[in-house]
Amino acid sequence: MMKTKKIFVDMDGVLVNFQSGIDKLDAETKREYADDGTGKSHFDDVPGIFSLMEPMPGAIEGVRALKELGYDLYILSTAPWGNPSAWSDKVAWVAKHLDDVFHKKMIITHCKGLLAAQEDAYLIDDRTGHGASDFGEHHIQFGTAPYKDWGHVINFFSELSNR
Ligand SMILES: [Mg+2]
């Protein structure tokens with residue numbers, strides 16, 4: 001029997017539309033977090049912001065399709081160190097939107113590379129940081145060609161499962 005392949009799935013920019021959380025903040029909070037003192041925004045530090053975010057287009061259907069193809073799916077996400085409520089908000093988000101796929105299958109870490117040594121493991125992540133690039137060719141960089149969107153990601157894993 002073929003060994004089940006694992007897919008680790010990032011949250012922000014892959015499952016979760018980060019901007020949709022920013023859009024729901026009141027004007028004062030937006031102003032406060034628009035600049036961390038060095039000219040960079042730090043919206044991920046806003047308490048409760050992760051509970052406001054909407055799914056990315058096609059994401060909910062996308063992971064369900066991957067589960068249907070027989071993949072073993074896990075969340076692999078990083079949460080801001082200085083915003084502990086973000087950690088619990090992320091668990092609540094997954095339980096609310098995708099409990100059927102990720103129930104008790106969630107890893108929150110700043111060291112994603114630790115999972116790269118897993119045999120037959122892939123990572124869908126829009127960024128290379130926090131060890132994502134350690135997955136090498138098994139890093140499916142979401143949002144970049146040829147993995148522009150969930151449709152393209154499903155095509156890739158659909159072909160892979162037929163090999
Ligand atoms: Mg991301």
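# A walk through the model, starting at the magnesium ion

Read along the sequence, the residues that donate to the magnesium ion follow the spacing D-x1-D-x113-D. This is a predicted model, and its protein donors to the ion are D10 (OD), D12 (O) and D126 (OD), at 2.1 to 2.2 Å from the metal. D12 belongs to the loop between β1 (6-9) and β2 (16-17), while D126 belongs to the loop between β6 (121-125) and β7 (139-141), so the pair ties together parts of the chain that are 114 residues apart in sequence. As for D126, it counts as partly exposed because its relative accessible area is 22%.

Let's step back and take in the whole chain. It has 5 helices and 7 strands, and if you follow it along the sequence you meet them in the pattern β-β-α-α-β-α-β-α-β-β-β-α. The radius of gyration is 16 Å, close to the 15 Å that the globule rule gives for 163 residues, so the chain is as compact as a globular protein of that length. Along the principal axes, the C-alpha atoms fill a box of roughly 55 × 30 × 30 Å. Of the 163 residues, 41% count as buried. Take the contacts with a separation of 6 or more, and 66% of them come from residues 24 or more positions apart.

Now zoom in on helix α3 (residues 59-68). Which of its residues are buried? They are A59, I60, G62, V63 and L66. Looking down the axis of α3, you'd find these buried residues within an arc of 165°, so they line one face of the helix. That buried set packs against quite a list of elements: β1, β3, β4, α4 (84-102), β6 and α5 (150-162). On the face of α3 turned away from the buried side, you'll find the exposed residues E61 and E68. Just after the helix comes G70, which takes a positive phi of about 100°.

One of the strands that α3 packs against is β4, and Y74 is a good place to stop there, since it is found in this strand (residues 72-77). Setting aside neighbours within four places in sequence, Y74 is in contact with K6, I7, F8, V9, F102 and K105. With K105 there's something extra: the charged end of K105 sits over the ring of Y74, 4.7 Å from its centre. D23, on the other hand, is 28 Å from Y74 in space, C-alpha to C-alpha, with their positions 51 residues apart in sequence.

Rings turn up elsewhere too. The structure holds 10 aromatic pairs. One of them joins F18 and F50 edge-to-face, with 5.8 Å centre to centre and 75° between the planes. This pair links distant parts of the chain: F18 is in helix α1 (residues 18-23), and F50 is in the loop between α2 (27-33) and β3 (54-55), 32 residues apart. Are these two rings' residues buried or exposed? F50 is buried, with a relative accessible area of 3%, whereas F18 is partly exposed at 22% relative accessibility.

Another edge-to-face pair is made by F156 and F157, at 4.9 Å centre to centre and 80° between the planes. F157 counts as buried because its relative accessibility is 0%. These two residues also belong to a wider group: together with Y71, Y122 and Y147, F156 and F157 form one aromatic cluster.

Note on methods. Residues numbered from 1 in each chain as written. Predicted model: local features only at pLDDT ≥ 70, side-chain atom pairs only at ≥ 80, totals over all residues. Heavy atoms only, no water. Phe/Tyr/Trp six-rings, centres within 6.5 Å; stacked < 30°, edge-to-face > 60°. Helix = DSSP H or I, 4+ residues; strand = E, 2+ residues; numbered from the N terminus. Buried < 20%, exposed > 50% of the residue type's maximum accessible area, 1.4 Å probe, protein only. Lys NZ or Arg CZ within 6 Å of the ring centre and 35° of its normal. Donors = N, O, S within 2.8 Å, 3.2 Å for Na, K, Ca; no water. Contact = heavy atoms within 4.5 Å. Arc of directions from axis to C-beta. Rg over C-alpha atoms; globule rule 2.2 N^0.38 Å.
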